[in-house]
Amino acid sequence: MEPMEARVAMLQDLKIQSFDTIRFASYRTACKLRYVQKSTNLHLVDIWNVIEAFRENGLNTLEPQNEVSVSRLETLVSSLYHNLNKRLPPTQQVHVDSKASLLLNWLLAAYSGDNSGKIRVFSIKVALAI
């Protein structure tokens, strides 16, 4: 599945789930974020793996307001999934390319407001932490 098709499929799936019928915005948002988390397999990643991926890619030394290019973000996300697969048994391996692409597209759609293809370091940390 192409990256754009995967993102469109996830957005359509979100509508099918009827999260918009949830009354309170905080619960509605939490349900949508949990859906994205499960769709991208981020529920399998713990905070220590996120910290390690930031260190491996040299993003831990950047100031929170610095912006990261798409290629650098793609490397970060790929290393996150590769490290995850090292910890998982062979029967539970995550398809790195499709999940990394889906997560990358979601991050860009959610946090690159001006479509510049750059995201602040702080935004990446918040997105991966929640």
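Which side chains meet in a salt bridge? In this predicted model, the side chains of Asp20 and Lys32 do so, with an N to O distance of 2.7 Å. Distant parts of the chain are linked by this pair, since Asp20 belongs to the loop between H1 and H2 and Lys32 to helix H2, 12 residues apart. A search of the whole structure returns 1 salt bridge. Asp20 has a relative accessibility of 56% and is therefore classed as exposed, the limit being over 50%. Lys32, at 30%, counts as partly exposed.

The loop between H1 and H2 also holds Ser18. The phi angle of Ser18 is near 60°, a positive value in a residue other than glycine. Ser18 is partly exposed, with a relative accessible area of 36%. A positive phi, about 65°, is likewise found at Asn41, which is not a glycine. Asn41 is located in the loop between H2 and H3. With a relative accessible area of 15%, Asn41 is buried.

The nonpolar interior was examined next. The largest nonpolar core comprises 33 residues, and Leu73, Tyr81 and Leu128 have the most contacts inside it. At least two residues of this core are supplied by each of helix H1 (3-16), H2, H3, H4, H5 and H6. H5 provides the largest share, 8 residues. Leu73 and Tyr81 are also among the buried residues of H4. Beyond four places in sequence, Leu73 touches Val68, Leu104, Leu107, Ile119 and Ile124.

Helix H4 covers residues 70-87 and has 18 residues. At 1.5 Å a residue, H4 should span 26 Å, and the C-alpha atoms at its ends are 26 Å apart, so the expected and computed spans agree. The buried residues of H4 include Leu76, Val77, Leu80 and Leu84, along with Ser79, Asn83 and Asn85. Helix H3 (47-56), helix H5 (96-111) and helix H6 (121-129) pack against the buried residues of H4, as do strand S1 (67-68) and strand S2 (119-120).

Several residues of helix H2 were considered individually. Tyr35 is placed in this helix. Its relative accessibility of 15% is under the 20% limit, so Tyr35 counts as buried. Apart from neighbours within four places in sequence, Tyr35 is in contact with Met10, Asp13, Leu14, Gln17 and Phe19. The C-alpha atoms of Tyr35 and Leu73 are 22 Å apart in space, at a sequence separation of 38 residues. Ser39 is another residue of helix H2. Ser39 counts as buried, with 15% relative accessibility. When residues up to four places away in sequence are not counted, Ser39 touches Met10, Lys99 and Leu102. Met10 is thus in contact with Tyr35 and with Ser39.

On the surface, a nonpolar patch is formed by Leu33, Phe122, Val126 and Ile130, which together have about 350 Å² of accessible area. Leu33 is situated in helix H2, residues 25-39. The relative accessible area of Leu33 is 33%, which makes this residue partly exposed. Ile130 is in the segment after H6. At a relative accessible area of 53%, Ile130 is exposed. Contacts of Ile130, leaving aside neighbours within four places in sequence, are with Leu33 and Gln37. The C-alpha atoms of Ile130 and Glu67 are separated by 20 Å, with their positions 63 residues apart along the chain.

His43 occupies a position in the loop between H2 and H3. His43 counts as partly exposed, at 30% relative accessibility. Not counting residues up to four places away in sequence, His43 touches Arg34, Gln37 and Lys38. Gln37 is therefore a contact of both His43 and Ile130, where contact requires heavy atoms within 4.5 Å. The C-alpha atoms of His43 and Ile130 are separated by 9.6 Å, although the two residues are 87 residues apart along the chain.

Methods:
Residues are numbered from 1 along each chain as its sequence is written. This is a predicted model: local features need pLDDT of at least 70, side-chain atom pairs count only at pLDDT 80 or more; totals for chains, interfaces and linings use all residues. Side-chain values use heavy atoms; hydrogens and water are left out. Helices (H or I, at least four residues) and strands (E, at least two) are DSSP runs, numbered from the N terminus. The expected span of a helix is 1.5 Å times one less than its number of residues. Buried means under 20% relative accessible area, exposed over 50%, partly exposed in between (1.4 Å probe, protein chains only). Patches are made of residues with over 30% relative accessible area and no salt bridge: like charges are joined within 9 Å, nonpolar side chains (Val, Leu, Ile, Met, Phe, Trp, Tyr) within 5 Å. Accessible areas come from the Shrake-Rupley method with a 1.4 Å probe; for residues, only the protein chains shown count as cover. A salt bridge is a side-chain nitrogen of Lys or Arg within 4 Å of a carboxyl oxygen of Asp or Glu. A nonpolar core is a set of buried Ala, Val, Leu, Ile, Met, Phe, Trp, Tyr and Cys residues joined through side-chain atoms within 4.5 Å.
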